[in-house]
Amino acid sequence: MTDQPKHTSGQDFEQSLAGSDTAVAAFDSERRGLMSRLQHFLHSSPAMVPLFVLLVATATFSIVVGPKFYSPFALTLILQQVAITGIVATAATLIILTAGIDLSVGAIMVLTSVVMGRVAMIDGWPTPLAIAFGIALGGACGWINGMLVTKVKLPPFIVTLGTWSVFAAAMFIYSSNETIRSQEIAAEHPLLQFFGTTFKVGGAVFTYAVFLMVILAVIVWYVLNHTAWGRHVYAIGDDPEAAELAGVRVDRTLVSVYVVAGIICALAGWALIGRIGAISPQSGQNENINAITAVVIGGTSLFGGRGSILGTLFGALIVGVFSLGLRLWGTDPQWTQLTVGALIIVAVAIDQWIRRISS
Amino acid sequence: MKTISRAALACAVVAGGLTAVPAFAADISACLITKTDTNPFFVKMKEGATAKAAELGITLKSYAGKIDGDNETQVAAIETCIADGAKGILLVPSDTKAIVPTVQKARDAGILVIALDTPLEPITAADATFATDNFKAGELIGAWAAGTLGDKAKDARIAMLDLATNQPTVGVLRDQGFMQGFGMDLADPNKWGDETDPRVIGHDVTSGNEQGGRTAMENLMQKDPGVNVVYTINEPAAAGAFEALKAVGLESQALIVSVDGGCPGVQNVQEGVIGATSQQYPLLMASMGIEAIKQFADDGTLPANTPGLDFFNTGVNLVTDKPVEGVPSISVEEGLALCWG
């Protein structure tokens, strides 16, 4: 997706602006300063800032680290590494676009992954049934979140803070924290590891999880931008009262957003089995934070109504590029943590700056 | 006649039961505070403590932090135990330094505090520490890896898969123990990452799970594809590292060593995924801790340290089916009989 950037100059940035869809930003043609125009442009194309950061970071590490970083293998390795976070972040983006937050996404992912694995491995269900059950369970978890937010009228932060613990604890109780080993799964239910299957094109290596991430992103992008449901999601995030007055069934849409997010998390849970081979209750415990980090760095506003799926994908990739790049450069892992923290703050600061034009 | 004797017997049992109840609740209560209640290691620990407490007639209350590193919940748990009039606290500290003042409060209140698994800093902040000798655990796998490689050890390419960036003691001890066992200069033995031995291709962190292990292994392999020894902080991280190696077809090139001795881990040793692992014994730590609290409550005796160490070593064994001369080990079969989780 983000192949082979070479230039770091501002002109390159301008070029990428020219290539993008600016049709939405059809403002009147009064004279404006450069800054103001940039601000407007970024307001209408929230994925541009993260794309720019991603290209600059990739180019910089390619120069500093050299071919070890700038190789098809390494660049596709980053895709593999961010696939799980990218998928969960897609779910998180949907929620955040409605001005909500979902802290339970990671817990839903691990819960569904453990349930799929255990009903197949321990209870002997056929693999497709086990997977379908896991995905349905993900949707049910999302539905619980959605009902608590809309019917009980609790803030999403509180609801998902609670369900995060509930889902995680339910998973621990159900599984007695037991790991099921990769070799046993490969022997009995290889379909569970489907998304770990690799696919080589020259030096580039993809896992099916990478395709899942990209396909999901394309679908969600299409739905958000080209269907009534998608526009309603943005409208609710921007101003729920106005959306309601305009005839949007706010509660129903919100519940559906949480259900879809839950289903996407369950898909991530399936992909997680492929990634780590095993069914592991211990894995993925920080995935909610990783996902929200990707969303925020990807330029989606935590205040709702503004942002894009592509930005989220770029956000996840930025974290992946920095993690691998800094490691290959020879820094301690602490520096990755520090850099990602700084990126979050920069991203939110830019968001605030961009938002100022609407006030 | 028969009925009468039966009734008498029943009376006796009831009476016995009644008198036994107050004796039972001779008000020895104890607390077990673990890092989390999710890790199988702590689950096993709780099992050991619960069984021993029931046997000795001690009321046991268990607490756990929400996540590894959650100090506040542990502080609150200790305060609850003080208020509750507990005789002893078994603590697996999440933050080995920050919890010390709270531990002191408990000791001032006359409570015996025993650190399990993870020593406090300083180690003397607790009345006693019952733990695996994590340095020794690392040393065993280091020596085993060096012995297995033989002459090739001097050209080894070693990936170090550690726990977390804040370098908790347990992670540092295992890492540095491994290096010592392998025959490397440690520089400062209180931290990892400052060594200059060219055989180490790098350190990365895993959070001690499969997902982290896989990503860390991928990163380090990208740094040096010739990696042939992989140190891992625990067996889930080792399983993740193996998946990463397998994905690029290098699983037979690298020797993976680990620490823990959980059942899935020992099975992985059996199948050759992990070369050798150092097994520790959480159940024993907890049950011995409860015994020590009982002893202390009865006559005030404090538990003693293992000679030569500043804690009581609950033991560690190297589990492998490919023993190396000069490195004591037990077989996978024995390891499976003793495994936890």
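**Helix packing, chain contact and sheet arrangement in a two-chain model**

The buried residues of helix α10 of chain A pack against α4, α9 (208-226), α11 (240-245) and α12 of the same chain. In this predicted model, helix α10 spans residues 228-238 of chain A, and its buried positions are A:His232, A:Val233, A:Ala235, A:Ile236 and A:Gly237.

A further helix contact within chain A involves α5 (residues 105-121) and α6 (residues 127-150), whose axes lie 8 Å apart and form an angle of about 150°. Helix α5(A) is therefore roughly antiparallel to α6(A), an angle over 145° being counted in that class. The crossing of α5(A) and α6(A) is right-handed. On the side of α5(A), the contact is made by A:Ile108, A:Leu111, A:Thr112, A:Val115, A:Met116, A:Val119 and A:Ala120. These residues meet A:Thr127, A:Ala130, A:Ile131, A:Phe133, A:Gly134, A:Leu137, A:Gly138 and A:Cys141 of α6(A). By class, the residues of the contact between α5(A) and α6(A) comprise 11 nonpolar and 4 polar, with no charged residue.

Helix α5 of chain A also contains A:Ala107. This alanine, A:Ala107, is classed as buried because 26 C-beta neighbours are found inside 10 Å, where 20 or more are required. When residues up to four places away in sequence are not counted, A:Ala107 touches A:Trp164, A:Phe167 and A:Ala168. A separation of 9.5 Å is found between the C-alpha atoms of A:Ala107 and A:Gly269, although these positions lie 162 residues apart in terms of distance along the chain.

Between the two chains, 27 residues of chain A are in contact with 26 residues of chain B. On the side of chain A that touches chain B, two or more residues are contributed by each of α4 (72-97), α8 (182-188), α12 (250-276), α14 (309-329) and α15 (333-355) of chain A. The chain A side of this contact with chain B holds 8 nonpolar, 13 polar and 6 charged residues.

In chain B, 6 strands form an open sheet with mixed pairing, in the order β7-β6-β8-β9-β10-β12. Strands β7 (200-205) and β12 (316-319) of chain B occupy the edges and each have a single partner strand, so that one side of each lacks a neighbour in the sheet. Direction ignored, neighbouring strands of this sheet are turned against each other by 15° on average. Strand β6 (residues 158-162) of chain B is paired with β7(B) in the parallel sense over 5 bridges, and B:Asp162 stands opposite B:Val205 in β7(B). Helix α5 (residues 134-149) of chain B packs on the sheet, where β8 (229-232), β9 (255-260), β10 (276-280) and β12 of chain B are touched. The direction of α5(B) makes about 160° with that of β9(B). Helix α6 (residues 169-182) of chain B likewise packs on the sheet, touching β6, β8 and β9 of chain B, and its direction makes about 165° with that of β6(B).

Strand β5 (residues 128-131) of chain B was also examined. From β5(B), B:Ala128 and B:Phe130 point one way and B:Thr129 and B:Ala131 the other, and all are buried. Strand β4 (residues 112-116) of chain B runs parallel to β5(B) and is joined to it by 3 bridges, with B:Phe130 as the bridge partner of B:Leu116. Strand β5(B) also pairs in the parallel sense with β11 (residues 312-313) of chain B over 2 bridges, and here B:Phe130 stands opposite B:Phe312.

Conventions: Residues numbered from 1 in each chain as written. Chains lettered and ligands numbered in written order. Predicted model: local features only at pLDDT ≥ 70, side-chain atom pairs only at ≥ 80, totals over all residues. Axes fitted to C-alpha atoms, helices over the stretch in contact; angles between N-to-C directions. Helix = DSSP H or I, 4+ residues; strand = E, 2+ residues; numbered from the N terminus. Parallel < 35°, antiparallel > 145°, perpendicular 65-115°, else oblique. Left-handed = near helix turned anticlockwise from the far one by under 90°. Contact = placed C-beta atoms within 7 Å. Nonpolar A, V, L, I, M, F, W, Y, C, P; charged D, E, K, R; others polar. Pairing = 2+ DSSP bridges. Buried ≥ 20, exposed ≤ 12 C-beta atoms within 10 Å, placed from the backbone.
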